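Me: I'd like to go through this model with you and ask how each label is earned. Shall we look at it together?

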2 protein chains.
Amino acid sequence: MVNETQHTCSASSSSRSDGGSSSGSESSKDNSRCSTPVLDADRHERLREKMRRRQDAGDKWFSLEFFPPRTANAAVNLISRFDRMGAGGPLFIDVTWHPAGDPGSDKETSSMIIANTAVNYCGLETILHMTCCNQTKDDITGHLQKAKRLGLKNIMALRGDPAGEEWEEEVDGFNYAVDLVKHIRNEFDDYFDICVAGYPKGHPEAESYEADLRHLKEKVFAGADFIITQLFFRPETFLKFMKDCQAIGITCPIIPGIFPIQGYHSLRQLVKLSKLEVPQEIKDVIEPIKDNDAAIRNYGVELAVSMCRELLDSGMVHGLHFYTLNREVATTEVLKRLGIWKEDPRRPLPWAVSAHPKRRVEDVRPIFWASRPKSYIYRTQEWDDFPNGRWGNSSSPAFGELKDYYLFYLKSKSPREELLKMWGEELTSEESVFEVFTCYITGEPNRNGYKVTCMPWNDDPLATETNLLKDQLEKVNRRGILTINSQPNINGKPSTDPIVGWGPSGGYVFQKAYLEFFTSSEIVTALLKVLKKYELRVNYHIVNVKGQNITNAPDLQPNAVTWGIFPGREIIQPTVVDPVSFLSWKDEAFALWIEQWAKLYEEESPSRMIIQYIHDNYYLVNLVDNDFPLENCLWQVVEDTFELLN
Amino acid sequence: MVNETQHTCSASSSSRSDGGSSSGSESSKDNSRCSTPVLDADRHERLREKMRRRQDAGDKWFSLEFFPPRTANAAVNLISRFDRMGAGGPLFIDVTWHPAGDPGSDKETSSMIIANTAVNYCGLETILHMTCCNQTKDDITGHLQKAKRLGLKNIMALRGDPAGEEWEEEVDGFNYAVDLVKHIRNEFDDYFDICVAGYPKGHPEAESYEADLRHLKEKVFAGADFIITQLFFRPETFLKFMKDCQAIGITCPIIPGIFPIQGYHSLRQLVKLSKLEVPQEIKDVIEPIKDNDAAIRNYGVELAVSMCRELLDSGMVHGLHFYTLNREVATTEVLKRLGIWKEDPRRPLPWAVSAHPKRRVEDVRPIFWASRPKSYIYRTQEWDDFPNGRWGNSSSPAFGELKDYYLFYLKSKSPREELLKMWGEELTSEESVFEVFTCYITGEPNRNGYKVTCMPWNDDPLATETNLLKDQLEKVNRRGILTINSQPNINGKPSTDPIVGWGPSGGYVFQKAYLEFFTSSEIVTALLKVLKKYELRVNYHIVNVKGQNITNAPDLQPNAVTWGIFPGREIIQPTVVDPVSFLSWKDEAFALWIEQWAKLYEEESPSRMIIQYIHDNYYLVNLVDNDFPLENCLWQVVEDTFELLN
């Protein structure tokens with residue numbers, strides 16, 4: 001599906017099972033049948049299974065660590081970063097636990113909510129860190145229950161730093177990470193995948209390196225599934241540690257923690273906290289360039305790349321864990337140079353899937369939210385079942401209210417002043433609104449010299465893929481057909497097509513042409529006359545803010561507008577035009593006029609009244625051309641409408 | 001889907017809703033969503049609703065009455081007749097109730113079982129007659145419960161003929177049809193649609209015509225949904241009756257019973273039973289030609305056509321009910337001349353749908369039973385849920401055992417002697433078996449001069465549609481690739497295509513090429529080598545009678561091989577190659593070698609041992625070419641295999 005925004009959030013598409021490759025397997029009558037076509041094995045596997053499958057297949061992978069942000073604005077930025085870095089195909093990300101920052105709360109910046117957003121809205125497999133010391137059993141259980149409720153499936157079990165110097169073991173308390181591991185297994189059985197920390201140089205507080213290895217073994221034997229290590233500076237440190245672990249019987253995956261040096265001060269701070277010593281050869285390079293950030297980062301990237309290469313070449317390492325410090329550039333650079341950053345991750349479905357276990361069978365969505373996938377996830381978060389195969393099968397068709405249009409992960413990234421520059425400090429007529437839409441489409445600056453890079457319905461600039469439609473879109477927007485969503489028809493392109501492809505390779509993808517826009521009642525009247533000529537070919541839904549609805553859809557059935565045919569699988573139809581959910585989308589689409597645009601202006605101001613007029617009087621229209629093998633007729637429909645009006 | 005048998009049983013496809021025609025309808029948020037794409041409204045409507053919809057649409061329709069046969073052989077023939085006459089598109093058929101013939105029993109010839117077969121195996125909307133006099137309440141309730149259990153939804157409530165002359169009313173007994181109507185409504189609420197009989201000349205035992213009209217009104221007010229009339233000879237008789245009914249407040253549909261005169265004796269007998277008088281003008285024509293059956297039938301057809309025309313032209317009649325006397329020719333002729341016989345009924349799905357209410361959402365089946373749809377229905381009759389949308393969603397994947405291969409509706413229409421002539425009185429080698437398959441494909445007589453018109457896996461001659469594949473099929477069968485099912489690939493033909501089309505108009509249908517055959521282990525070994533070259537393109541399942549199974553299907557998922565894209569609807573994928581059900585089909589396909597073929601010969605005879613050898617040692621193979629837009633590669637696969645063997 002191509003629509004008027006970029007697919008930046010195509011996360012969790014890091015790997016897939018290609019059709020027809022498991023040849024010669026024996027099977028019997030007793031094999032269980034799967035109830036849903038497994039397009040993307042990742043969605044159905046636990047993290048530890050994904051790790052094992054990657055290792056068995058000889059695939060190299062990476063993961064990314066982030067810490068929770070301090071402010072709501074920083075949270076919005078971090079989530080954009082999840083989307084961008086998620087596109088590179090990490091096996092998982094993890095979010096650290098900051099006891100001082102109310103980590104289990106519902107604040108936008110808490111560890112819990114950031115992890116929740118990563119899983120549910122960015123579709124990333126996520127590990128939530130959790131520390132146990134100085135906490136009651138009830139607190140910990142409460143956090144774990146909440147994590148489970150939010151769809152989190154993986155916990156990194158840590159002791160955490162004792163508060164104050166004179167920390168003492170509590171009898172029956174949570175004194176060590178192993179206590180937390182045991183508690184999780186006792187209370188939640190096998191629900192969570194558990195990760196624990198390993199210290200290649202030994203924990204600074206351990207009696208000895210050997211004693212620390214024994215502690216690690218205890219954690220694993222208590223139920224941990226894999227180990228992520230503290231950072232280290234030399235590959236041989238890790239490889240020795242790994243051999244020592246194996247020697248005492250630790251057989252689970254051990255993932256090296258990689259810290260690309262990104263600056264002098266961050267390195268010093270980290271070293272202080274972790275009580276590690278920086279090797280002399282590194283100090284020798286860094287000290288002379290300590291005030292040159294770029295030079296240090298370049299060196300850090302070099303160093304990390306060479307260390308990672310050595311680790312991967314050893315044959316003992318399959319995945320690399322990166323301490324990102326919430327920054328993108330250095331880690332991305334290292335990953336690209338190692339060749340494990342997915343430049344063009346294949347999409348398992350045309351839209352960004354969520355990683356919540358409840359949504360693992362979800363494979364159909366209405367097209368309307370194509371540019372607002374996070375809003376769709378938010379408004380369907382209370383659903384217990386998600387449509388699988390057919391949209392109509394969803395047993396919970398009620399959409400949640402979307403009252404808070406500034407919910408932090410739906411918030412526009414642009415501040416009010418910028419929006420005013422883009423959408424007009426002062427509107428003088430409906431035509432000045434048409435102009436804003438037209439500038440968004442063309443990418444040309446508006447009359448005040450500002451480019452329109454987002455719209456209330458599209459938070460991102462027009463996708464390059466939509467350029468083919470640009471001329472047509474410009475023409476119609478200029479005349480008051482204010483488009484907010486569209487896709488061309490496609491008659492069987494390979495599923496590997498770089499622009500419109502999705503799903504496993506060897507398949508074919510199809511689309512019906514789609515066009516969605518706001519327009520005046522005058523144009524709607526003419527349009528309806530024209531549509532009579534296209535009665536058997538074009539399905540339409542035309543609705544105003546009051547819910548007056550005109551449609552020719554038979555029996556309110558959904559119309560599949562994107563589908564794919566794959567080797568050895570049932571047909572997947574991930575996008576539908578659904579008459580019923582269109583009415584929920586209508587509420588949201590009309591409200592955005594007011595909430596995002598009209599409210600930029602003073603009450604009673606002419607600008608505000610113009611937007612209010614459009615909100616009150618315009619119609620939201622969608623059109624589907626059912627004859628996907630023929631040339632898209634929707635432009636002709638619009639042209640005929642304009643002709644009729646002249 | 002085209003396979004190696006004719007689609008004679010494409011019943012109940014008499015009408016459909018064409019996409020995108022209900023324009024301008026208002027709808028609101030509260031409208032309920034349908035959980036399955038309604039391809040064929042008929043499947044979801046009650047008979048009375050179908051009648052109303054046809055009347056509202058101004059469609060004329062017909063229905064057919066049959067009586068239960070005396071012998072099992074006659075039952076097999078009657079069911080073939082249901083298939084053939086069902087193809088003409090009756091709105092329903094009805095089966096009369098013969099108290100003397102144990103009508104509620106499980107005998108192959110009982111009214112109950114014949115009606116059951118019509119509904120479930122021929123997919124015909126069916127009314128079961130039921131009489132009440134001289135029966136206990138418990139008997140009647142038992143019959144009704146059984147009818148409901150079998151999926152019958154319509155009852156014609158009759159009094160029946162009292163046994164003996166001195167019949168007297170019983171207090172609290174079932175003395176009149178109205179008692180039965182009340183009983184059905186009391187005990188079964190609104191479950192059944194109820195039909196009652198009307199007498200255009202008044203019931204022979206009624207005190208008067210007017211009194212009889214009042215009785216009819218009582219039956220309607222007690223809960224009958226519509227009326228079918230006794231036969232009559234003059235259109236004005238019916239039209240007067242209808243006006244009189246309306247005058248006293250009977251508003252339900254009244255369907256005239258049409259009796260095309262088919263012979264002198266049958267007319268006399270009917271007249272005697274019904275106590276009707278044949279008008280003089282008819283007697284005058286018939287008496288002189290009473291020994292000329294053909295002449296009488298021609299006259300009967302003329303008479304019926306002109307009477308039906310007058311009824312339809314009156315504007316008061318929308319449907320015609322035919323007393324067929326279990327014969328085809330006269331009724332079919334009348335219907336064709338009236339123009340209400342559907343010459344080319346459009347199929348709602350590629351396979352014959354069942355009319356059992358439990359199966360109303362069923363829209364996916366495995367391809368394996370394509371030539372044995374009745375067997376498929378039989379083996380899935382215990383399922384509570386049927387797959388809707390996706391095969392994998394079926395919650396009851398267990399197939400019933402098929403022990404009785406001569407279950408009457410699965411019985412071969414040909415007697416043993418004929419089968420021996422077709423399949424060989426004496427087999428001398430595996431090659432003589434290849435020859436039988438080849439003759440079936442080519443239609444050429446075998447070495448003894450007999451045509452092979454059926455096979456154990458295909459009860460009908462090769463479909464004309466398969467002629468395109470004939471040359472290829474002949475070549476491979478001659479060399480020991482014994483084909484039993486195949487379909488070509490189709491890349492988007494109109495749904496109205498006369499050969500491969502199905503579903504509502506305005507859509508496009510697709511197929512993946514499919515080939516299924518028995519072959520020797522030697523050929524399988526070569527085939528597997530060849531298939532390595534086609535690994536990403538061709539999915540295969542290869543299994544022997546012991547269940548050893550070789551496949552490259554990913555995760556045992558079903559492969560959709562027939563699908564359709566329609567205006568304003570979700571995608572329909574009615575046929576799949578399902579790895580799990582293939583193993584159930586395998587049991588049936590192998591058993592047919594023995595049950596239908598080997599058992600024609602003496603035990604220990606060489607002929608029997610050859611079939612037994614094939615049964616024990618051959619493999620059943622299916623191949624799917626996933627690249628449906630390209631030229632079918634399966635013939636190349638087979639050719640490569642033969643080349644490798646040379």
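Reply: Gladly! Please keep in mind that this is a predicted model. Let's begin with B:Pro204, which lies in the loop between strand E6 (193–198) and helix H6 (209–221) of chain B.

Me: Why is B:Pro204 called partly exposed?

Reply: Its relative accessibility is 42%. Buried would need a value under 20% and exposed one over 50%, with partly exposed in between, so B:Pro204 counts as partly exposed. Leaving aside neighbours within four places in sequence, B:Pro204 is in contact with B:Ser274 and B:Lys275. As for B:Lys475, 271 residues away along the chain, its C-alpha atom is separated from that of B:Pro204 by 68 Å.

Me: What makes B:Lys146 buried or exposed?

Reply: B:Lys146 has 13% relative accessibility. The limit for buried is under 20%, so this lysine counts as buried. B:Lys146 is found in helix H4 (residues 137–149) of chain B. Not counting residues up to four places away in sequence, B:Lys146 touches B:Gly104, B:Ser105, B:Asp106 and B:Met112. From B:Lys146 to B:Phe221 the C-alpha distance is 26 Å, with their positions 75 residues apart in sequence.

Me: How do you know which class A:Gln487 belongs to, buried or exposed?

Reply: A:Gln487 has a relative accessible area of 1%. Set against the limit of under 20%, that value makes A:Gln487 buried. This glutamine sits in strand E11 (residues 482–487) of chain A.

Me: And what makes the pairing of A:Gln487 with A:Thr562 a polar contact?

Reply: Their side chains are joined at 3.5 Å, and a pair of N or O atoms has to be within 3.5 Å, with one able to donate a hydrogen and the other to accept it. The pair is therefore counted as a polar contact. The side chain of A:Gln487 also reaches the backbone oxygen of A:Val561, at 3.0 Å.

Me: Over in chain B, why is B:Gln548 given the class it has?

Reply: B:Gln548 has a relative accessible area of 44%. Partly exposed covers what is neither under 20% nor over 50%, so B:Gln548 is partly exposed. B:Gln548 is found in the loop between strand E15 (538–544) and strand E16 (549–551) of chain B. Its side chain makes a polar contact of 2.9 Å with that of B:Asn544. Leaving aside neighbours within four places in sequence, B:Gln548 is in contact with B:Ile542, B:Val543 and B:Tyr619. B:Leu583, 35 residues apart from B:Gln548 in sequence, is 9.9 Å apart from it in space, C-alpha to C-alpha.

Me: How do you know how H14(B) and H15(B) are oriented to each other?

Reply: In general, two packed helices are described by the angle between their axes and the distance between the axes. Here the axes of helix H14 (residues 430–442) and helix H15 (residues 470–478) of chain B come within 8 Å and cross at roughly 170 degrees. Angles over 145 degrees count as roughly antiparallel, and H14(B) and H15(B) are therefore roughly antiparallel to each other.

Me: Which residues meet there?

Reply: From H14(B) come B:Phe434, B:Phe437, B:Thr438, B:Ile441 and B:Thr442, and they meet B:Lys470, B:Leu473, B:Glu474, B:Asn477 and B:Arg478 of H15(B). Sorted by class, this contact has four nonpolar, three polar and three charged residues.

Me: What makes A:Asn134 worth a remark about its phi?

Reply: Most residues other than glycine have a negative phi. A:Asn134 has a positive phi of about 65 degrees although it is not a glycine. A:Asn134 is placed in the loop between strand E4 (126–131) and helix H4 (137–149) of chain A. With a relative accessible area of 44%, A:Asn134 is partly exposed. B:Leu325, not a glycine either, has a positive phi of about 55 degrees, and is found in the loop between strand E9 (319–323) and helix H11 (329–338) of chain B.

Me: Which residues have the most contacts inside the largest nonpolar core?

Reply: They are A:Trp593, A:Trp597, B:Trp593 and B:Trp597, in a core of 168 residues. Apart from that core lies another, of 71 residues, among them A:Met112, A:Ile140, A:Val196 and A:Ala222.

Me: And how much of chain A is buried?

Reply: Buried residues make up 63% of its 646 residues. Chain A has 19 helices and 19 strands.

Conventions: Residues are numbered from 1 along each chain as its sequence is written. Chains are lettered from A and ligands numbered from 1 in the order in which they are written. This is a predicted model: local features need pLDDT of at least 70, side-chain atom pairs count only at pLDDT 80 or more; totals for chains, interfaces and linings use all residues. Side-chain values use heavy atoms; hydrogens and water are left out. Helices (H or I, at least four residues) and strands (E, at least two) are DSSP runs, numbered from the N terminus. Buried means under 20% relative accessible area, exposed over 50%, partly exposed in between (1.4 Å probe, protein chains only). Contact means heavy atoms within 4.5 Å. A nonpolar core is a set of buried Ala, Val, Leu, Ile, Met, Phe, Trp, Tyr and Cys residues joined through side-chain atoms within 4.5 Å. Axes are lines fitted to C-alpha atoms, for helices over the stretch in contact, and angles run from 0 to 180 degrees between N-to-C directions. Angles under 35 degrees count as roughly parallel, over 145 as roughly antiparallel, 65 to 115 as roughly perpendicular and the rest as oblique. Ala, Val, Leu, Ile, Met, Phe, Trp, Tyr, Cys and Pro count as nonpolar, Asp, Glu, Lys and Arg as charged, and the others, Gly among them, as polar.
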